[in-house]
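Colleague: I am new to this structure and would like to go through it slowly, one question at a time. Could you show it to me before we begin?

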Amino acid sequence: MNVMNGISVKHLLCIALLIGYTPVAGAVDTQRVLRIGQLGESTPENVARLDAEIAVLREKFTDDGIEAVEIVSVDTVEAMINAFKEKRIDWLTAPLFHALIYAEKAHAVIFTQKLKSGISKFHTVFFVRKDSEITQLEKIERKMVGFGSPLSSSDFFVPYYELHEHNYTLVKYGEKLDGEVLGKKRLYYRFSGSQRDVVKDVLSGQIDVGVLSNHQYEKILPELKKDLRVMYRTASFPIEIEVIRTDIDPSLKMKLRDVINQYNNERDDVPVLQSDGKQGKFYDFVGEGRDGFVYLRSILKHEVVPVILNDRNEPDEKTKN
């Protein structure tokens, strides 16, 4: 059991919803508790990371009237949206697609990119059987694409968006399309489920094209990968994003941003190279460009990529990107 100042993480989870925003006598209401959001059940790795973050935050915010730092754990992305709206969480580290959903549906603020295991970004790999006649993404009209989880960044959001950019109208297998879209080609898709199932479905011929993050594709067993071939790679995108509740006190928000930045930069377990080739541990998530926040959020705003919230999506091995 992980214990901080005599209070276990498990105990913090139990009391997280009980301690609210308490007014200071004779003054404007002051936030006395900082809450960190967590999606899904705790793992030993997550507990250790959150314990370290709690310790840093408690130390840095003592002079700001913060008396406690707590963890609020929820099971689904939809529940996390509600937690943001109801002011039950202040800060969350989230995968790219989730972060964009929180920004669009809960008006949360995205301000940084957090690195994970020394890997700053991912891209999606489109792959086929080695003996497939498919060689170009532009020539898969009427074929079947297999996605992973409907809330995965690499297995759904990025490839769906990429196919839309290549002038495809995506039709879920078994559903009818109400008329053709001018200038668009028809393409069918289905959800295979786990990343392992995407590979299995490509090899068995149930789908023509599979998608995975480049990191997960590299983990495919050699005896399976020898029968596969990569036919397209997307642009690169951030893996994890820092998200803050939009209506948190502005001065607290700025300090929280700076503290998280400093904490990320000081971590010794995240050695990466910045875009300029210098040693570093942190990138800003800028708004410009195809991999920028403003552009990507507009994809959700205009419903280019469907957001399917009724699917449980705990951050396990099959949906890490």
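The questions and answers below concern this predicted model.

Colleague: Before we look at details, how many helices and strands does the secondary structure of the protein chain come to?

Modeller: The chain has 321 residues, and buried residues make up 49% of them. Among its contacts with a separation of 6 or more, 73% are between residues 24 or more positions apart. As for its secondary structure, the count comes to ten helices and 17 strands.

Colleague: Since the model is predicted, which element has the highest mean pLDDT?

Modeller: For the protein chain as a whole the mean pLDDT is 77, with 72% of the residues reaching 70 or more. Among the elements, the lowest mean, 34, belongs to strand E17 (residues 279-280), whereas the highest, 98, belongs to strand E8 (residues 124-129).

Colleague: Over residues 268-289, how many contacts does the model have beyond near neighbours in sequence?

Modeller: This is a stretch where the pLDDT is below 50, and strand E17, at residues 279-280, has the lowest mean among the elements. Beyond near neighbours in sequence, the contacts of residues 268-289 in the model number 55.

Colleague: Which residue in strand E15 does Ala94 stand opposite?

Modeller: Strand E5 (residues 91-95) runs antiparallel to E15, and five bridges join the two. In E15 (residues 240-244), five of the five residues are buried, with Glu240, Glu242 and Ile244 pointing one way and Ile241 and Val243 the other way. The residue of E15 that stands opposite Ala94 is Ile241.

Colleague: Which helix gives the largest share of the largest nonpolar core?

Modeller: That core has 53 residues, and those with the most contacts inside it are Tyr102, Ile140, Phe157 and Leu163. Its largest share is seven residues, and these come from helix H4 (residues 96-105), so named by its place in the count from the N terminus.

Colleague: Leaving aside neighbours within four places in sequence, which residues is Phe157 in contact with?

Modeller: Phe157 is one of the residues with the most contacts inside the largest nonpolar core. With neighbours within four places in sequence left aside, its contacts are Leu96, Phe97, Leu100, Ser152, Leu296, Ile299, Leu300 and Val305.

Colleague: How many residues are in the other core, the one that includes Leu34 and Leu57?

Modeller: Leu57 is among the buried residues of helix H2 (residues 44-60), together with Asn46, Val47, Leu50, Asp51, Glu53 and Ile54. That helix reaches 25 Å from its first C-alpha to its last, close to the expected 24 Å. The core in question lies apart from the largest one, has Ile71 and Leu252 among its members as well, and its residues number 16.

Colleague: Is Val33 buried or exposed?

Modeller: Val33 lies in strand E3 (residues 33-39), and its C-alpha atom is separated by 9.7 Å from that of Arg58, which is 25 residues apart from it along the chain. Its relative accessible area is 4%, and because the cut-off for a buried residue is under 20%, Val33 counts as buried.

Colleague: Of the eleven salt bridges that the structure holds, which one joins Arg297, and to what partner?

Modeller: Arg297 is partly exposed, with a relative accessibility of 23%. In its salt bridge the closest N and O atoms are 3.0 Å apart, and the partner is Glu104. Since Arg297 lies in helix H10 (residues 293-301) and its partner in helix H4, the pair ties together parts that are 193 residues apart in sequence. The partner asked for is therefore Glu104.

Colleague: Why are Asp197 and Lys200 separated by about one helical turn?

Modeller: The side chains of Asp197 and Lys200 meet in a salt bridge, at 3.5 Å from N to O. Asp197 is partly exposed at 24%, and Lys200 is partly exposed at 48%. They are about one helical turn apart because both lie in helix H6 (residues 195-204), at a spacing of three residues.

Colleague: Which residue with a positive phi follows H6?

Modeller: Within H6, the buried residues are Gln195, Val198, Val199, Asp201, Val202 and Leu203. The phi of the residue that follows the helix is near 85°, and that residue is Gly205.

Definitions and conventions: Residues are numbered from 1 along each chain as its sequence is written. This is a predicted model: local features need pLDDT of at least 70, side-chain atom pairs count only at pLDDT 80 or more; totals for chains, interfaces and linings use all residues. Side-chain values use heavy atoms; hydrogens and water are left out. pLDDT is the predictor's confidence in each residue, from 0 to 100. Helices (H or I, at least four residues) and strands (E, at least two) are DSSP runs, numbered from the N terminus. Contact means heavy atoms within 4.5 Å. Buried means under 20% relative accessible area, exposed over 50%, partly exposed in between (1.4 Å probe, protein chains only). Two strands pair if DSSP finds at least two bridges between them. The expected span of a helix is 1.5 Å times one less than its number of residues. A nonpolar core is a set of buried Ala, Val, Leu, Ile, Met, Phe, Trp, Tyr and Cys residues joined through side-chain atoms within 4.5 Å. A salt bridge is a side-chain nitrogen of Lys or Arg within 4 Å of a carboxyl oxygen of Asp or Glu.
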